[in-house]
Amino acid sequence: MQMGDLPDDKGHFGPYGGVFVAETLIEALDQLKAAYAKYREDPEFCAEFDYELKHYVGRPSPVYHARRWSEHFGGAQVYLKREDLNHTGAHKINNTVGQALLARRLGKKRIIAETGAGQHGVASATVAARYGMECVVYMGSEDIKRQAQNVYRMKLLGASVVPVESGSKTLKDALNEAMRDWVTNVDSTFYIIGTVAGPHPYPMMVRDFQSVIGKESVWQMEELAGRQPDAVLACVGGGSNAMGIFHPYIAHKNVRLIGVEAAGLGLESGKHAATLCAGKPGVLHGNRTYLMQDDNGQIIETHSISAGLDYPGVGPEHAWLKDSGRAEYVAITDDEALAAFHKLCRLEGIIPALESSHALAYAAKIAPCMKKDQTLLVNLSGRGDKDMHTVAEKSGIVF
Amino acid sequence: MSRITATFTALREQKRKALIPFVTAGDPDQATCVPLMHALAAAGADVIELGVPFSDPMADGPTIQRSSERALRNGTSLKIVLGFAAEFRKTNNRTPVVLMGYANPIEAMGYDKFAAAAGEAGVDGVLVVDYPPEESLKLSALLEKNGIDPIFLIAPTSIDSRIEEIAKLARGYVYYVSLRGVTGSANLNVEEIRKKLAELRVRVKIPIGVGFGIRDGKTARAVSEIADAVVIGSRLVEEIEKSPPGRVLDNVSVLVKDMRAAIDGR
């Protein structure tokens, strides 16, 4: 079996992935698995997905040669995959379009989603409005306070946002609550998970919908640079944008795959979200993967300046890519990400999301040590408009 | 014969149904746990389900979530819960103890170590909510090797082929989740359960307990007429939550005795 053929029928990527949920959810997951197996091969479904991505999302997103930024390094040439130019401003919409189309095929009129920073919530609310479905978004009450604008965006789009008060009141608790809703309303409801985590088939399905990023990159790099990059870089929280750009490159053995996690205040501080760099394997949210946990197996709170990376787990396929050595995982601190954020604003006229700034920061670390004819491709997974507040605060500015 | 099977055999001979209370270990505090277990046994519990607190109890409603949070705040870990079970066993050799919880604390301890330690502590059954049968072959075998019954959930949505798969692995009793939703939800439909249990018994030859949604003597009684065991969780945890310190044992005892009387038709 080729590595790109994973997962197996039970959702395993080597020892990772699987279906770790209460019996109450098994039947719903089995139905979803069967439906997805049918529609992923269905020409009509695929054509509709492609059509929506082209005309609604605005794909293909360009690959852009960041010349001024590359010159500044004096080393490798850096290319950016512009997912920030998608409708709603990030890669998240690729997946919500795919899952919403599937929900429609299954006759579900209500969709639910979890969200941390609000990007996946907004992308879910967007497709719910587009396809005329009811939408409920679960969001930790702490995150609601930090992301008032996105909460308002979701409401404008017609979604109800339910504050989650349990546990740490953040993304992981929102996911727990969405699962509880799903168990209760499984007949009427489709649960749109926003990342490549959760029980099988979610990690595979979200990867497949997001892999349009990598598929486009392969032909775009050929067209623009006449070659494939020496390395592909992407930030990793749950890991959906990284899996999306990595997956079509897994078979390109000469291309390094580098996932960049959030080192927060530094790995040694304990205040970070670098699950693959510093966590241990365990079971959470329906799959076996690396987790941020204490010695007793309790999940611990994470920290990152970027809410989208602030998650104590990571997609199981990343865990497998790490253990197998096909991908490498590194971590970038809040400060390093911020520095890259400002640099890209000034040199390229692009305001990147703080999540994506982690991948940019690692590119900035390695590019100067590389040769001028070498190339890096960074997934610019989202734009930074949503982060104005956080960045301004860091610079001591209050709106 | 395991302590759980012996308990159900004796009950069947007496034509009685089992009462299985659930409490979260370490809630409201660690010192209360072992006395609480003894109080449950004295009030008429046939089996005690002891919840192992977890930071992310995905299948539980707000009441049991809060009890887990209280227990975690006072530092209750899987290791400590095993200590409670061992302590209880010193003076009670009769009432089976079933640990109920989530996978990750067990993953962190390691299967071998956990199975051996649980056997050593006198634990009789283990129910891991997020280990469905296909992901628990290895642990189930280790538990059985240590004299512990692997307990499984069956849901209203479980199809026949799954029920068969579960029946193959399950020992002691199976736990039928009586409604769609999380623990502590309302709206129990006894008629629906009656039909489903009749179907289950074609494939499941060990006792069937019913839990989720049992809130008073009346529902407990109705469920006991069709099931082999009645599991009471959220209602009990709610009682612990609202009891002032010092009243927990008494209030819980009164509630369990009421349920016992209702089930026994007294």
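This section describes the fold of chain B, one helix of chain A, and selected backbone features of both chains. The model is predicted.

Chain B contains 12 helices and 9 strands. Its radius of gyration is 17 Å, close to the 18 Å that the globule rule gives for 266 residues, so chain B is as compact as a globular protein of that length. Along the principal axes, the C-alpha atoms of chain B occupy a box of roughly 45 × 40 × 35 Å. Buried residues make up 64% of the 266 in this chain. Contacts were also examined by sequence separation. Among those in chain B that link residues at least 6 apart in sequence, 73% join residues at least 24 apart. The exposed area of chain B is about 10200 Å². Carbon and sulfur atoms supply 52% of that area. Chain B carries 34 positive and 33 negative charges. The mean positions of the two sets lie 4 Å apart.

In chain A, helix 1 runs over residues 23-39 and has 17 residues. From first C-alpha to last, helix 1 reaches 25 Å. This is close to the 24 Å expected at 1.5 Å a residue. An α-helix has 3.6 residues a turn, so residues three or four places apart point the same way. The buried residues of helix 1 of chain A include A:L25, A:L29, A:L32, A:A35, A:Y36 and A:Y39. The segment A:E23, A:T24, A:L25, A:I26, A:E27, A:A28 and A:L29 is also among the buried residues.

Cis peptide bonds occur in both chains, at the two sites described here. In chain A, the bond from A:H200 to A:P201 is cis, with omega near 10 degrees. A:P201 sits in the loop between strand 8 (189-192) and helix 9 (202-210) of chain A. In chain B, a cis bond joins B:D27 and B:P28, and omega is about 5 degrees. B:P28 belongs to the loop between strand 1 (18-24) and helix 2 (30-43) of chain B.

Positive phi values were found at two non-glycine residues of chain A. For A:K169, phi is near 60 degrees. A:K169 lies in the loop between strand 7 (160-164) and helix 8 (171-184) of chain A. Its relative accessibility is 26%, so A:K169 counts as partly exposed. For A:H285, phi is about 50 degrees. A:H285 is found in the loop between strand 11 (280-284) and strand 12 (286-291) of chain A. With a relative accessible area of 2%, A:H285 is buried.

Definitions and conventions: Residues numbered from 1 in each chain as written. Chains lettered and ligands numbered in written order. Predicted model: local features only at pLDDT ≥ 70, side-chain atom pairs only at ≥ 80, totals over all residues. Heavy atoms only, no water. Helix = DSSP H or I, 4+ residues; strand = E, 2+ residues; numbered from the N terminus. Expected span 1.5 Å × (residues − 1). Buried < 20%, exposed > 50% of the residue type's maximum accessible area, 1.4 Å probe, protein only. Rg over C-alpha atoms; globule rule 2.2 N^0.38 Å. Contact = heavy atoms within 4.5 Å. Areas by Shrake-Rupley, 256 points an atom, 1.4 Å probe, with all protein chains shown as cover. Lys, Arg positive; Asp, Glu negative; His and termini not counted. Charge placed at Lys NZ, Arg CZ, Asp CG, Glu CD.
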